[in-house]
Amino acid sequence: MFISKRFLKYLIILVILIIPTVVTFNDCKLYKEPIGSITTVHTEKMPLKHGASDQTYKQTLTIKLMNTSDVGNSYKYKNSYTTSQFATTQYRKGQCVFLKTNVAAKNGGYGENGLKIIGQKYDYIWAFMISLLVCLLFAIAGRRAVLIIASLSMNLIVFALGMQKIIRFKDLEMLTLCMTSIFIVASLIILYGFSKKSFGAILSSSTTVLMVFGLYMLIVHFSGRIEYEYIDYANISEPIEQLYISSLIFSLLGAVMDVSITINSTVNEIVMKAGQSTLSNIVKSIKGVSNDIMGTMINVMFFTFVGDEIPIYILKMSNGYDIITLFSNGAVFEIIRLLIGAIGIVLAVPVSGFFAVILRHKMIVKKGA
Amino acid sequence: MIIFVLLMILLFLLGIIGDERGVASMFTFLGNIVVFFVSLIAIFRTGNVYAVTFVAIMGFLLLTLFAQNGFNKKTISAFSAIIVILSIVGIFSVILIKISSMAGFGEMYIYDEEVAFLENKIGISAQSLLVASILIGILGAITDTALSVSSTMYEVYEHNPALDAGELNRSGKHVGWDILGTTFSTLVFAEIGQGFFIWLIFAKNKYTFISLINSKSFLQQTFLIIMASLGSLLIIPLTSRITAKILTAKK
C-alpha cells in the first residue's frame, strides 16, 4: 500500500540477513555428529597460583543434546579456561558444540558417558557474516554487486579446485601458471567486461607477475640457499620452495591487477575524453595517478600481512623471542612476501603504462597531432 | 641478505618510477614498520592491548594519511570516516569474537611445531589480540578506499565548484563502487598467498564444505578478510558524505 521503496529494500535486507542465520543456528538435526547446546554455565574463579600470569576459571556446563537418538538429554560437563585462552576456551550459554561420547577420562572424557567437547559449531556465524556482506554489497554497490560476487566466487572455485591438484605435488609450476592465468583473466573480464581496458590490464598483470617471478628467481640464485623449512606450517617432505613461490605469486596478484586496471582506465579516459593527448601528457598523468595509488596499495599489503600475525608474535615474544629472533625465522618469509608484493605494485605502473599506450597508439598519434 | 636486496630494489624502483612522492611512500612504509615493532614491544611489556592498538592506529594514520598526503580537506575527510568505521568494525568484531569464542589456537596449530610447544599462559588475552589484529589488519584496505573516494571527489569539485553536496556525494559513491571489486580481490589474494600452507593442510586433510565452515582455524584465517571487506564497503558512503559536507561547507 504505502510502503516506500527504501523501507521495502531494508525489509528485504533484514529478512535475507536473519533467515540464513536462524536456519543454520537450528540445523543441528542435519548433522550426523552429536551436537549439544549449552543451556547453563556456572563459572568459578580459582585462587591465583604464586607466580602464575594467568588466572584459571572452572566452568560447570549443562549441555543439551540437539540431535542423535539421545536428543533432549542433558549432561553436566566440567571445563576450565585461563585468561589468555590460547589453548583453552570460555564457553557461553547458547553456544552449540560438537561432542564425542565414550572418551576415556585420560583423554579428556567427562562423566559416565565419557563426554568431550571436540569443537564449536560456527556455521551460523558464517551464515550471518556472508549474508551481511552480500546485503551490504547490494545495498551500497547496487547491480555491480553481482559482478563482484561472480568474480570472487569464480576465483574461490578455481582456488579450491587448484588446491586439489596442488596437493599431488606434480607439475606445480604449470599448475601455478594455469591458476594465475585464470585468476587474472576471469577477475578482469568479469569485473570490467571485454574491453581494451581489460585486455590491457590482463597483459600488464601477466607481464608484471612474470617479471617479479624472474626477479625473485634471479635474487635467490645469487643470494644462496634459503632455509624454506622455517616456513610456518610447512612440511619438509614436500617441495616447499615451489609451494612458497606459488604462494608469493598468488599473494601479489590482487594488488597487481588493481594497479593495472587503474592505469589502463586512466589512459583510456584521457584518450577518449581529452581534446588533445600527447604521449608526454599521458606519461605525466600515469605518474600522477601512480604516485597516488602506490603508497596506499603497499600499505594495504603491509597491514593485511602483519595484522594476521600479531597474536603469534606476542606469544613468541612472551616465550623469550626478541624482535631479531622473531624476524629471523618464520617471519622472514612474510617480509619477503611483503617486499615482493610491493615490488609488484611498483613494477605494474610502467608495465601497465606501456601496454595502455601501445594498445591506444593509433588514437594517441591521431589526437596528439 | 635477500631482504636487504629486495629492499634496495624496491627503493630504487620507487625512486625512479615514483619520484619524490615514491620515496616519501617508502619512508611511510618504513615508518609503519617501526610503529608496528614499537607497538608489538609495548603490547608485550604493558599487556594493555587496546590502548596500545589505539595509539598504534593513530601513528599509522598520521604517517599514511597526513605525512604522505598532507593535512588537507581530503585527508581530514578520510581520517574522520576511518575512525568511525574502525569503531564500528571494532565493536562488531568484539561481539562476534565473544559470541563464537573464536580466539586462541585453532585445530591447525598442532601443525606448527614451533608454536605448538610454546608456553601459552602468557597473561594477555587471545581475544584482545585477535581484535587488535583485526583493527590493524583492516587499516590498509579502509584507508586506501577512503583516500581514493575523498581524493577523487576533491578533484571533481576542483574542476566544477558549482556542484552541490548531493551531486558530489553521488560521484564519490561511483568511484567507491568502481574500486570495490579490485579491493576485494587484493584482500582475497593476499590471504590466499599468506595462508597458503594452511590451505594446503585443509586440502590434504580433505575438509568438506561443512567441516570448513565449522573449523576454528578456517574462521580465524578468513575473519580478517571479511572484516576488511565489510569496512571497505561501509566506508564508501560515509567518506562520500563527509567529504561532500566538508568540501561544500561555507568558507
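A residue is called buried when its relative accessible area is under 20%, and exposed when that area is over 50%. By this criterion, in a model that is predicted, strand S4 of chain A, which spans residues 96-100, is mostly covered, with four of its five residues buried.

The setting of this strand is an open sheet of five strands in chain A, whose order is S3-S2-S1-S4-S5 and whose pairing is antiparallel. Strand S3 (74-82) and strand S5 of chain A stand at the edges of the sheet, and because each has a single partner strand, one side of each is left without a neighbour in the sheet. From one strand to the next, the twist averages 45°.

Within this order, S4(A) lies between S1 and S5. Its pairing with strand S1 of chain A, residues 35-45, is in the antiparallel sense and extends over three bridges, and here A:Gly36 stands opposite A:Val97 of S4(A). Towards strand S5 of chain A, residues 116-120, S4(A) is joined by four bridges, the two strands again running antiparallel; in this pairing, A:Leu99 has A:Ile117 of S5(A) as its bridge partner. At the other end of the order, strand S2 of chain A, residues 56-65, is joined to S3(A) by nine bridges, and these strands also run antiparallel. A:Thr60 has its bridge partner in S3(A), namely A:Lys78.

Aromatic contacts were examined next. A pair of aromatic rings is described by the distance of the centres and the angle of the planes. A search of the whole structure finds 27 such pairs over all chains. One of them is formed by B:Phe66 and B:Phe79, whose rings are 5.5 Å apart, centre to centre, with 50° between the planes, so that the pair counts as tilted, the class for angles that are neither under 30 degrees nor over 60. This pair links distant parts of the chain, since B:Phe66 belongs to helix H2 (residues 49-69) of chain B and B:Phe79 to helix H3 (residues 73-100) of chain B, the two residues being 13 residues apart. The partners fall into separate classes of accessibility: B:Phe66 has a relative accessible area of 16% and is therefore buried, whereas B:Phe79, with a relative accessible area of 24%, is partly exposed.

Ring pairs also build a cluster that includes residues of chains A and B. Its members are A:Phe302, A:Phe303 and A:Tyr313, together with B:Phe29, B:Phe36 and B:Phe60.

Methods: Residues numbered from 1 in each chain as written. Chains lettered and ligands numbered in written order. Predicted model: local features only at pLDDT ≥ 70, side-chain atom pairs only at ≥ 80, totals over all residues. Heavy atoms only, no water. Buried < 20%, exposed > 50% of the residue type's maximum accessible area, 1.4 Å probe, protein only. Pairing = 2+ DSSP bridges. Phe/Tyr/Trp six-rings, centres within 6.5 Å; stacked < 30°, edge-to-face > 60°. Axes fitted to C-alpha atoms, helices over the stretch in contact; angles between N-to-C directions.
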